[in-house]
Amino acid sequence: MIHIHTALALLAVALTVAIFSIRRGSPAHRVLGCTWVIAMAGVALSSFWIFELRLIGPYSPIHLLSVFVLVQLVFAVRAVRSGQVQQHRRMMRGMVFGALVVAGAFTLLPGRTMFQVISGG
């Protein structure tokens, strides 16, 4: 499951770069955005089968971020569909920063799987 989770997270990062590089609201933005939402939902859902840090039963506080992301995805899509573009933009940027940048950085801490993959140890 860690492989799937990592692959989807890396896909979301690549899509983020692509989405931020094109005109907002364009057909390409919509297609890439829908793909990003699916990738992020996959990242969040797959986390529920990763039990590396068992602090609350089989889960850890990072799983709360997964719940938050799933809820935010629904609200962000609803916002843009109802014409609330600024709210959509804020929510999406918040997820990119919190769920990809900050959470991603925590995976690189010593002792974590991604640290071991990158450092070879």
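**Two pockets and a core**

Student: Which residues lie nearest the centre of the second largest pocket?
Tutor: His29, Gly33, Val80, His88 and Met92 do, out of 20 residues that line this pocket. A pocket here is an open set of points on a 1 Å grid over the protein atoms alone, where a 1.4 Å probe fits, with protein on both sides within 12 Å along at least five of seven lines; lining residues have an atom within 4 Å of a point.

Student: Is this a predicted model, and what gets counted?
Tutor: The model is predicted: local features need pLDDT (the predictor's confidence in each residue, from 0 to 100) of at least 70, side-chain atom pairs need 80 or more, and totals for chains, interfaces and linings use all residues. Residues are numbered from 1 along each chain as its sequence is written, and side-chain values use heavy atoms, without hydrogens and water.

Student: What is the chain's mean pLDDT?
Tutor: The mean is 91, and 93% of the residues reach 70 or more. Among the elements, helix H2 (residues 27-46) has the highest mean, 98, and helix H5 (residues 113-119) the lowest, 81. Helices are DSSP runs (H or I, at least four residues), numbered from the N terminus.

Student: Back to His29. Where is it?
Tutor: His29 sits in helix H2.

Student: Buried or exposed?
Tutor: His29 counts as buried because its relative accessible area is 16%. Buried means under 20%, exposed over 50%, partly exposed in between (1.4 Å probe, protein chains only).

Student: What does His29 contact, leaving aside neighbours within four places in sequence?
Tutor: Ile19, Ile22, Arg23 and Arg24. Contact means heavy atoms within 4.5 Å.

Student: And Trp36, with the same neighbours left aside?
Tutor: Trp36 is in contact with Ala12, Leu15, Thr16, Ile19, Leu73, Met92, Met95, Val96 and Leu100.

Student: New topic. Which residues are closest to the centre of the largest pocket?
Tutor: His5, Ala103, Gly104, Thr107 and Arg112, out of 34 lining residues.

Student: Which helix gives the most to that lining?
Tutor: H4 does, with 7 residues. H1, H2, H3, H4 and H5 each supply at least two.

Student: Which helices each supply at least two residues to the second largest pocket's lining?
Tutor: H1, H2, H3 and H4.
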